Amino acid sequence: MAALTAIWNKEFKDYFLTPIAYMVIAVFLVVVGWFFFSTFFLKNQATLRGFFQLMPVVFAFVVPALTMRLISEEISLGSYELMGTLPVRHSQIVLGKFLACLCFIAAMLLPTLIYGVSVDMVGNLDWGPVLGGYIGALLLGGSYAAIGMLASSLTRNQIIAFITGAAVCFALAYLKQMLFFMPEAIQGIVDYLAVGSHFGNAAQGVLDIRDIIYFLSIVFLGLYATKLVLESKE
Amino acid sequence: MIRIQGLNKYYDGVCAVEDLDLEVPGGQILGLLGPNGAGKTTILRILTGYIRPTTGRIRIGDMDPAEDELAVKARMGYLPESIPLYRTMLVYDFLRYMIRVRNLPLSDPDVRIRELARTFALEPVMHKSVGELSKGYMQRVGLAHAMLPDPEILVLDEPTSGLDPNQILEIRSLIQEVGQQKTVILSTHILSEAEATCDRIVILNEGRTVADGTPREIKSRARQHQSVTLELKRAGPDEARACLEAISGVERVETLNGEDPETLLFRLECSGEEDPRERISNAVKERDWVLLHLSREARSLEHIFKELTLES
């Protein structure tokens, strides 16, 4: 446990040591704020649903940017050799890095509460669905982070890790819209795999246990596959 | 005690280590010597648990790294060849982080850090980032990290590479100091370093052991092979050759091209520890030839290393 918290702590601090983290947060807030408020007054509804609906696509680019260096940098610098010879399990390394990324995503979402406060000032915002939306966004971010970490473990090149992670996340985000082009026989499976089929409820503030299981399954599979990839390097 | 039996490691079908058997008793400084690609780093990485062998068995004390992976790793300190440290971290933070990751049961981690900073003369750089350090200081930080858990076994991959002569001497004396209480396994391709630092040398080539012994044993092996050069006057080439070949201990006679056409120049490859020059001189005297030059060259450790690593 001590090793896990030490890794978690270090990785979380590392995000703030470079200007990249601040840039990612700034770009995220500007892009999401712009798209949300540009249509907010047209809808004339005091809700953050529009904000949360942006998450699957925006996160598909932002989260892989956060995870791309987590493992590939260690492999390319050789510091993974150091980690690999410490009395630490692969699972602790993977989980520590994942939790650091999840905390960063939470830190990135924190300033967006100001959107809620702003909406509440012009209308009567129901904070219950907003809370549900934030939990859903964290689950979504966690799923993308697990996919991004898997991509990061597969290569020593951070750019390739980003492109691979973003491509998979983007595909999952847009899978529901692509159902029309799929053969009817696999439409049911593809529909289940699509993030849109599960995050839609969360964006409205409704947390369904099936959706939670879906996101947690992606997190588990992504992290487990990352662990296997690291073990296969032995 | 480290016991390695029938160790093999293949990378994509390419053999890096082949059928290695090795026993390292506690408190020994063992040097793995070999040219690039001999398998030294692979053996060290297998020992430290970073990679797994393809086949073979390793016992570290009473433990099997395959079963007690974390316990074995906890007993080891490792300095990788390229010193891959976290470059953005301060030296102090790096050592502190490693204490936390290793979960070392220290009542005051700062005491241990101060101790290591003193031992490795790191005090002036404790609050500098690792990336700003010179190669020598990085090596020291790497060594301090390896020594952090006060390990029973210290594994050092090319510990003096890239250091200046003064730093090399410092690191060597540190290794010898540490080796008085702990098992140290180091890899190097510098013979003089292995000779100066190690109790025992294992020479590797293409993943196989080609020599194993104390520096003295390997040197005496070098002394058993010597070459003698001699220049004769008033001797017939065939007669001289036959005479020299008949001298006991002479294994091979090679005729060289001398500058003077009236003289004969030979190089004799001799075996045995005894100096063959007296026998050669007597044989020449008996035949009334004129001996213009007679010199012996004992084959150095470098020669032996070159032969062992080139012949296979």
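Trainee: How many residues does the contact take from chain A and from chain B?
Mentor: The contact takes 17 residues from chain A and 20 residues from chain B; two residues are in contact if their C-beta atoms, placed from the backbone, lie within 7 Å. This is a predicted model, where local features need pLDDT of at least 70, side-chain atom pairs count only at pLDDT 80 or more, and totals for chains, interfaces and linings use all residues. Residues are numbered from 1 along each chain as its sequence is written, and chains are lettered from A in the order in which they are written.

Trainee: Which element gives the largest share of the side of chain A that touches chain B?
Mentor: That is α1(A), with five residues. Helices here are DSSP runs of H or I with at least four residues, and strands are runs of E with at least two, numbered from the N terminus.

Trainee: Switching to the sheet in chain B, what is the strand order?
Mentor: The order is β5-β6-β7-β3-β8-β9 in an open sheet of six strands with mixed pairing. Strands pair if DSSP finds at least two bridges between them. At the edges are β5 (76-79) and β9 (208-213) of chain B, each pairing on one side only.

Trainee: In which sense do β5(B) and β6 of chain B pair?
Mentor: They pair in the parallel sense, over four bridges. In β6(B), B:I153 is the bridge partner of B:M76.

Trainee: And which strands does helix α5 of chain B touch?
Mentor: Helix α5 (residues 135-147) packs on the sheet and touches β5 and β6 of chain B. Its direction makes about 165° with that of β5(B); axes are lines fitted to C-alpha atoms, for helices over the stretch in contact, and angles run from 0 to 180 degrees between N-to-C directions.
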